[in-house]
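Dear colleague,

I am handing over the structure we spoke about, and below it you will find notes on the ligand site and the pockets. Please read them with the coordinates open beside you.

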Amino acid sequence: MILTKINAVNFRNYKKFNIKLNDKVNIFIGNNAQGKTNILESIYVLALTKSYRTNYDDNLKRKGSDSYKIKGDIKVGKYSKSLEISVLNGEKKVFINNTNIKKISDYVSNLNVILFSPEDVETIKGAPTVRRELLNIEMSQLYQKFIKNYNEYNKILKMRNDYLKLIYTNSISDDRYLDVLTNNLIDRAAYIYEQRLLFIDKINNNIGNIFKVLTGSDNLRIVYETNVDILDIDQEKIKDILKEKYRKNKQKEIMAGMTLYGPHRDDYHFYINDADIKLYGSQGQQKMAMIAFKLSEISIFEEATETKPLLLLDDIFSELDKTKRNRLINYINDDIQVIITANDTVGISKKLLENATIFRIENGEIKDKG
Ligand SMILES: Nc1ncnc2c1ncn2[C@@H]1O[C@H](COP(=O)(O)OP(=O)(O)OP(=O)(O)O)[C@@H](O)[C@H]1O
Ligand SMILES: [Mg+2]
């Protein structure tokens with residue numbers, strides 16, 4: 001898919017912008033704090049209805065204004081549609097072809113983006129919740145059913161945790177309701193496990209090769225970790241295993257007052273050979289591993305949506321040595337729309353610049369293309 005146009009009003013440090021994008025490579029150049037990342041963020045918000053940099057829509061509104069609006073036109077093959085998101089007085093609305101869409105889950109997945117941002121190394125270094133969140137976001141873009149299941153899972157999980165606490169503190173003897181909650185939880189959990197494991201398998205099919213092309217070194221892979229012994233990626237079998245797990249650990253969970261097993265407790269790590277790069281990787285390796293992860297997603301997105309996603313690459317070239325930078329450019333200079341930010345064009349190869357439209361950003365304004 002191609003984002004042909006994007007415009008915004010009162011978004012971050014922009015009063016207004018109106019950009020016609022190149023089908024291939026778009027490079028936003030400027031000094032620090034001028035508004036380069038804000039452009040990528042606006043595309044991300046248009047796609048996913050929320051930012052990766054803040055949980056508060058208020059931060060996205062230009063200081064002093066009470067609303068923001070982002071609108072974009074996308075093209076998939078010969079079909080085109082317009083997407084719009086606006087926030088006014090705290091109320092968020094989304095539109096497809098000017099029609100208000102009531103459910104966010106019906107909107108997300110119309111524009112697919114894969115973002116690489118400098119904060120991505122937190123996925124490797126940070127807490128398990130950061131890693132789970134990345135999977136949730138990516139799978140929400142791909143499968144509408146995923147958001148629905150995931151939201152339901154979280155709701156039931158909260159109810160189940162509350163009920164476990166009640167059983168413990170009030171000594172409720174009728175725990176039939178717990179069984180109902182457990183069964184409902186298992187239904188969603190089995191789906192989430194299945195989807196996550198399939199997704200990680202697909203990433204692992206690609207990531208090793210991509211990492212090798214980019215860095216020359218072998219054997220990057222992801223290992224999914226769960227405290228439920230899942231043997232096969234099969235929803236029915238996973239359900240049976242979960243049933244047994246909850247049955248056996250009922251007392252333990254009542255004592256703990258919370259659900260101790262399930263996809264909300266899982267994690268995954270990145271390994272080069274047998275070393276977890278969270279513990280042993282260099283900064284450059286961690287960055288390249290995340291880039292390889294994101295690039296691995298392209299074919300997964302393509303398989304699920306029958307079109308290529310947009311690649312949003314924020315500050316991707318900094319910290320990389322020249323060889324890696326060139327390998328990366330060779331890799332991405334392909335049949336996919338790319339939007340890149342950089343401080344300047346120094347170090348960006350001629351090959352990439354040839355296909356590119358360059359936008360210069362200065363203090364919330366897009367200067368002439370040049
Ligand atoms: N809600 C807002 N209203 C007005 N200005 C804002 C708002 N949020 C952020 N800014 C301003 O936007 C600028 C940062 O923009 P951005 O993160 O896009 O910078 P950048 O060009 O990517 O810089 P760097 O090269 O350092 O990454 C800062 O000057 C910041 O003060
Ligand atoms: Mg930036």
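A backbone N or O atom of Arg12 lies 3.2 Å from a nitrogen atom of ligand 1, and please keep in mind throughout that this is a predicted model. Two further contacts involve the backbone: a polar backbone atom of Asn59 is 2.8 Å from a nitrogen atom of ligand 1, and a backbone N or O atom of Lys61 likewise lies 2.8 Å from a nitrogen atom of the ligand. Taken alone, ligand 1 exposes 650 Å², of which the protein buries 72%.

The shell around ligand 1 is made up of 16 residues, and the closest of them are Ala33, Lys36, Thr37, Asn38 and Lys61, so named here that you can select them directly. By class, this shell has 9 polar and 6 charged residues, with 1 nonpolar residue besides. Helix H1, which covers residues 36-48, gives the most to the shell, with 3 residues.

Turning to the pockets, the largest one has a volume of about 510 Å³. Its lining comprises 22 residues, and those that lie nearest the centre of the pocket are Tyr44, Tyr52, Val130, Glu133 and Ile137. At least two lining residues come from each of strand E8 (113-116), helix H4 (121-125) and helix H5 (128-142), and H5 gives the most, with 6 residues. In terms of chemistry, the lining of the largest pocket divides into 8 nonpolar, 6 polar and 8 charged residues. Both domain 1 (1-112 + 307-370) and domain 2 (121-305) take part in this lining, each with at least three residues.

The second largest pocket holds about 420 Å³ of space. It is lined by 19 residues, of which Lys50, Ile104, Ser140, Ile147 and Asn151 are the closest to its centre. Helix H3 (104-107), H5 and helix H6 (144-170) are the elements that give two or more residues to this lining, and H6 gives the most, with 7 residues. The residues lining the second largest pocket divide into 7 nonpolar, 6 polar and 6 charged, and, here too, at least three are drawn from each of domain 1 (1-112 + 307-370) and domain 2 (121-305).

Helix H5 therefore deserves a place in your selections for either pocket, as an element that supplies at least two residues to the lining of the largest pocket and two or more to that of the second largest.

With best regards

Conventions:
Residues numbered from 1 in each chain as written. Chains lettered and ligands numbered in written order. Predicted model: local features only at pLDDT ≥ 70, side-chain atom pairs only at ≥ 80, totals over all residues. Heavy atoms only, no water. 1 Å grid on protein atoms, 1.4 Å probe; cavity = no way out; pocket = protein on both sides within 12 Å on 5 of 7 lines; lining within 4 Å. Points joined across faces, edges and corners; volume = space filled by probe spheres on them. Helix = DSSP H or I, 4+ residues; strand = E, 2+ residues; numbered from the N terminus. Nonpolar A, V, L, I, M, F, W, Y, C, P; charged D, E, K, R; others polar. Domains from an automatic or database assignment. Near = heavy atom within 4 Å. Polar contact = N/O pair within 3.5 Å; in protein donor to acceptor, adjacent residues only side chain to side chain. Areas by Shrake-Rupley, 256 points an atom, 1.4 Å probe, with all protein chains shown as cover.
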